[in-house]
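Subject: A structure to look through

Dear colleague,

I am passing on a structure that I would like you to look through beside the notes that follow. Please keep it open while you read, and find each place on the chain as it is named.

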Amino acid sequence: GEVSDFIDGLSECTNSSLLEKLELGFNQLNGDLPSSLGYLKNLRYLELWHNSFVGSIPPSIGNLTFLKELYLSSNQMNGKFPENFGQLSAVEVLDLSENQWEGIITETHFRNLSNLKELALNKQSENISLIFNISSHWIPPFKLTFINIRSCQLGPKFPTWLRNQTELTTLVLNNVRISDTIPDWFWQLDLTLDELDVAYNELSGSIPNSLGFRFPATVDLSSNSFEGPLPLWSFNVTKLYLRDNSFSGPIPRDFGQKIPFLTDLDISFNSLNGSVSKSICNLQQLLTLVISNNNLSGEIPRLWSNISSLYILDMSNNSLSGEIPESIGSLLSVRFLILCNNHISGEVPPSLKNCSMMDSLDLGDNQLSGNIPAWIGESMPSLSILRLRSNYFNGTIPPELCKLPALHILDLSHNNLSGIIPPCVGNFSGMKVEPPDSVKYEGSLQVVLKGSEYVFYTTLYLVNLMDLSSNNLSGEMPVELTRLIHLGTLNLSRNHL
């Protein structure tokens, strides 16, 4: 109500017609937007983002014919767009993201927006309540440089109105229910993009290498049905997310030479085969490398000393064989080393001692042997997940593991371990305290609970588990286990306790 009074007061001011800029963003303003906004006719910049406004946009907005930039993002607004949005002939930037808009958007809403350059209508929630219903023959009056539309319905067809958008540098059409192929005319638009994101649709077909990018560029084609070989774009792509598609064939041999400045690569959940290209080890800027859930075989490349900043290395769920190379110990920043579900053999290389930042070490479901290294407990002070299940480890459980204060998932099941459960297991403070309130990123993990397998993603930090089942452990259950009051799953079955 106070905002309404304030704007009503402004609009009654004799000088209100001179007001060009109204900035009220990043406050705790609430209530509906008053229709008296429409009296501030000279307004050029209206910033109301990051408040708690509700309701819909008043139709009087159409009177602001000089308005150049409108920021309403991150409020709690809902309702339909007024059709006289189409009268904002001077507007260049429309940021309406992170609200709960409803209803249908048609050509009328864009009728006279001949100066529009940037359109943002994205929201993180996947729930779709806003639908574009635009004729396939419509030719927009504008030439956009920036489109960010997420979780609105644009599909099922790929929007033909993009056909004359030859000045685009950012194109985000994420989770917009397009089930189609990307038409040839799009690849021929001769665009130079810094972001292309069409993730979470049902797009199919293969991807030509014809698009141009400028440094540093992000490409996200995740969670579609694209097929054919991995697309290799220009030097300028730095983040490449192709996960959860049907790309097939080998990782190209010259992959590291073609896209040398990559910082993030995710090609997981595809049908790639052949060996892991050694040229990946030349990507010196790489921070995250996720190539899990493919049909990759052969040995893990041996040269890792060039990628000193890598902090996620996930090669799980493939058919990789041979030993873990010593040179992985040169990844001093690695926090997530996920090599589970392969055919990797030999012992854990002592060079991993150097990886003192390790948060999650998952070597489960392989053919590793030898003792569980005691140094894991001394060299990896922030380790929160240790999963060595389903291997051929023998010897005893090293008491040094009890020195890991953050550990909340310990899975040593299905090995050949013998001896007692060390009484110091009562020291695992990560299993004694409540999980943190704030979401902590820990990757994903396959966890066995009550005999069933589950994969945890965003809630993994809430799982507290100790599984020592199916070994040859003997002696008593240590009474110190009773101190672990936030332990959710304890499995000691199939031993000789």
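The largest pocket has a lining of 40 residues, and those nearest its centre are Arg243, Asp266, Tyr441, Ser444 and Tyr457. Please bear in mind that this is a predicted model, and that the space in the largest pocket comes to about 1,200 Å³. Five strands each give two or more residues to this lining, namely E20 (264-266), E22 (288-290), E24 (312-314), E26 (336-338) and E34 (445-449). E20 makes the biggest contribution, since three residues of the lining of the largest pocket belong to that strand. When the lining residues are sorted by character, 14 are nonpolar, 16 are polar and 10 are charged.

Next comes the sheet. An open sheet is formed by 11 strands with parallel pairing, and their order is E15-E17-E19-E21-E23-E25-E27-E29-E31-E33-E37. At its edges lie strand E15 (204-205) and strand E37 (472-473), each of which pairs on one side only. To see one pairing in detail, you could look at strand E31 (residues 392-395) and strand E33 (residues 416-419), which are joined in the parallel sense over two bridges. Asparagine 394 has asparagine 416, in E33, as its bridge partner.

The loops that follow these two strands bring us to the cysteines. How many disulfides does the structure hold? There is one disulfide, and it joins cysteine 402 to cysteine 424, with 2.1 Å from S to S. This pair links distant parts of the chain, 22 residues apart, with cysteine 402 in the loop between E31 and strand E32 (409-411) and cysteine 424 in the loop between E33 and E34. The link between cysteine 402 and cysteine 424 is right-handed, with 60° about the S-S bond, and both of these cysteines are buried.

Why does cysteine 355 form no bond with cysteine 281? The closest cysteine sulfur to that of cysteine 355 is the one in cysteine 281, but it is 14 Å away and therefore too far for a bond. Cysteine 355 counts as buried because its relative accessible area is 0%, where the cut-off for buried is under 20%. Cysteine 152 also counts as buried, because its relative accessibility is 3%.

Two further residues may help you to practise reading the model. Asparagine 122 is placed in strand E10 (residues 118-122), and asparagine 122 is buried because its relative accessible area is 12%. Apart from neighbours within four places in sequence, asparagine 122 is in contact with Ser97, Glu98, Asn148, Ile149 and Arg150. Between the C-alpha atoms of asparagine 122 and lysine 80 there are 16 Å, while the two residues are 42 residues apart along the chain.

Is serine 297 buried or partly exposed? Serine 297 is partly exposed, because its relative accessible area is 30%, and its place is in strand E23 (residues 295-299), one of the strands of the open sheet described above. If residues up to four places away in sequence are not counted, serine 297 touches Gly274, Ser275, Val276, Ser319 and Leu320. From serine 297 to serine 89 the separation is 208 residues in sequence and 58 Å in space, C-alpha to C-alpha.

With best wishes

Terms used. Residues are numbered from 1 along each chain as its sequence is written. This is a predicted model: local features need pLDDT of at least 70, side-chain atom pairs count only at pLDDT 80 or more; totals for chains, interfaces and linings use all residues. Side-chain values use heavy atoms; hydrogens and water are left out. On a 1 Å grid over the protein atoms alone, a cavity is a set of points where a 1.4 Å probe fits but cannot get out, and a pocket is an open set with protein on both sides within 12 Å along at least five of seven lines; lining residues have an atom within 4 Å of a point. Grid points are joined across faces, edges and corners, and a volume is the space filled by probe spheres set on the points. Helices (H or I, at least four residues) and strands (E, at least two) are DSSP runs, numbered from the N terminus. Ala, Val, Leu, Ile, Met, Phe, Trp, Tyr, Cys and Pro count as nonpolar, Asp, Glu, Lys and Arg as charged, and the others, Gly among them, as polar. Two strands pair if DSSP finds at least two bridges between them. A disulfide is a pair of cysteine sulfur atoms within 2.5 Å. Buried means under 20% relative accessible area, exposed over 50%, partly exposed in between (1.4 Å probe, protein chains only). Contact means heavy atoms within 4.5 Å.
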